[in-house]
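This briefing concerns a metal site, a bound ligand and one loop residue. Please consult the sequence and the structure shown below while reading.

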Amino acid sequence: MAQRTLARYLTEEQRNKGVITGDLKLLIEVVSRACQAISIAIGKGGLGGVLGEAGSDNIQGEAQKKLDVLSNDILLDANEWGGHLAAMASEEMDLPHLVPHRFPKGEYLLTFDPLDGSSNIDVNVSIGTIFSVLKCPEGADLSTPEAAERAFLQPGTAQVAAGYAVYGPTTLLVLTVGDGVASFTLDREQGQFLLTQENMQIPVETKEFSINMANQRFWEAPVQRYISEMQAGKEGPLGKDYNMRWVGSMVADVHRIMTRGGIFLYPIDSKLRAQGGKLRLMYEANPMAMLIEQAGGTATTGRQRILDIAPEKLHQRVPVILGSKNEVDRITRYHAA
Ligand code: AHG
Ligand code: MN
Ligand code: MN
């Protein structure tokens, strides 16, 4: 049987199922090519001079790595001329990037975390790109980047597509257009993504959790309770032994959960209280929540479904708990108790 490329998968979603428009197909193909370019740059590593610090800070006060900046530029350059987008917003830019006047404007908005897992770049551990697509509201004011911010402030339920690329031993693109989750592997010789898994489903039970234990003393009571119950193992109230994994790249931790189940937590804690959480709603939490739900999992802050949050600002941060349904439901109950 012929190989199913990403382009073919998208054409079928458009032609046979009517799930996506031609412009959304083009948009996703362009994003996938940008991810290929990022993958190539990452693959060169020290030989390509792409490792190390950029010498600048982003809007959230985080030191940017060269690859944060390079990946952001690759995504902007790839997407601004195609006519499918109205504007883009990124974790690495203070304000939205408008499509320059010399190019036609389209009906979609794209947000991205160009390089997720920055702290893992220089140590050769898996990193990724996360993206989300929204429709631009009719009549939205795109006259200035400041005014354009408003158009992006839509809940995650409004996303029309979301995905991530993982740059690991292989480069994968994991995608949803609201019709389940499919995974594509980059064939480096052919220079294209080929479908390797369709209809990904997260097991409802798990024996694996993912949290930064160094923050334990700052956690709230429901998280303390849940993690200590898991640590108590077979002898404890949950009656089974758990294992722990924390890569420190959300894409890699979420991809493991997409593949074999588990629960990922970056909860609110007393240290993060003022900023609302660690992970960013528009670039990390919402796209991952859409993918997780599309694969039968659950994503919550502990108190609210992530996809229902009405964003107040572009760079908003939120608590994130996601993964295997039964485990996420348990900790949600602990929050309600
Ligand atoms: P980014 O590199 O885009 O800033 O994101 C890093 C995020 C996420 O990928 C990961 O889950 C988390 O930060 C790791 O945080 P700690 O360093 O606190 O473990
Ligand atoms: Mn990130
Ligand atoms: Mn990032």
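**A buried asparagine, a manganese site and ligand 1**

Asparagine 215 has a relative accessible area of 8% and is therefore buried, since the cut-off is under 20%. The model described here is predicted. The points below are grouped by topic.

**Asparagine 215**
- The loop between strand 11 (208-210) and helix 5 (221-232) holds asparagine 215.
- Beyond its neighbours within four places in sequence, asparagine 215 makes contact with Tyr266, Asp269 and Lys271.

**Manganese ion (ligand 3)**
- Glu91 (OE), Asp113 (OD) and Leu115 (O) are the protein donors of the manganese ion (ligand 3), at 2.2 to 2.3 Å from it.
- The spacing of these donor residues in sequence is E-x21-D-x1-L.
- Glutamate 91 is in the loop between strand 3 (85-90) and strand 4 (97-98), while leucine 115 is in strand 5 (residues 108-116), so the pair ties together parts 24 residues apart in sequence.
- Both glutamate 91 and leucine 115 are buried.
- Aspartate 113 coordinates both the manganese ion (ligand 3) and the manganese ion (ligand 2), which are 3.7 Å apart.

**Ligand 1**
- There are 17 residues around ligand 1, of which Asp116, Gly117, Ser118, Met250 and Tyr266 come nearest.
- A side-chain N or O atom of tyrosine 266 lies 2.5 Å from an oxygen atom of ligand 1.
- For methionine 250, a backbone N or O atom is 2.8 Å from an oxygen atom of ligand 1.
- Glutamate 91, a donor of the manganese ion (ligand 3), also has a side-chain N or O atom 3.1 Å from an oxygen atom of ligand 1.
- Ligand 1 taken alone exposes 470 Å², and the protein buries 84% of that.

Terms used
Residues are numbered from 1 along each chain as its sequence is written. Chains are lettered from A and ligands numbered from 1 in the order in which they are written. This is a predicted model: local features need pLDDT of at least 70, side-chain atom pairs count only at pLDDT 80 or more; totals for chains, interfaces and linings use all residues. Side-chain values use heavy atoms; hydrogens and water are left out. Donors are N, O and S atoms within 2.8 Å of the metal (3.2 Å for Na, K and Ca); water is not among the atoms, so sites may look incomplete. Helices (H or I, at least four residues) and strands (E, at least two) are DSSP runs, numbered from the N terminus. Buried means under 20% relative accessible area, exposed over 50%, partly exposed in between (1.4 Å probe, protein chains only). Contact means heavy atoms within 4.5 Å. A residue is near a molecule or strand if one of its heavy atoms lies within 4 Å of it. A polar contact is a pair of N or O atoms within 3.5 Å; within protein, one must be able to donate a hydrogen and the other to accept it, and residues adjacent in sequence count only if both atoms are side-chain atoms. Accessible areas come from the Shrake-Rupley method with a 1.4 Å probe; for residues, only the protein chains shown count as cover.
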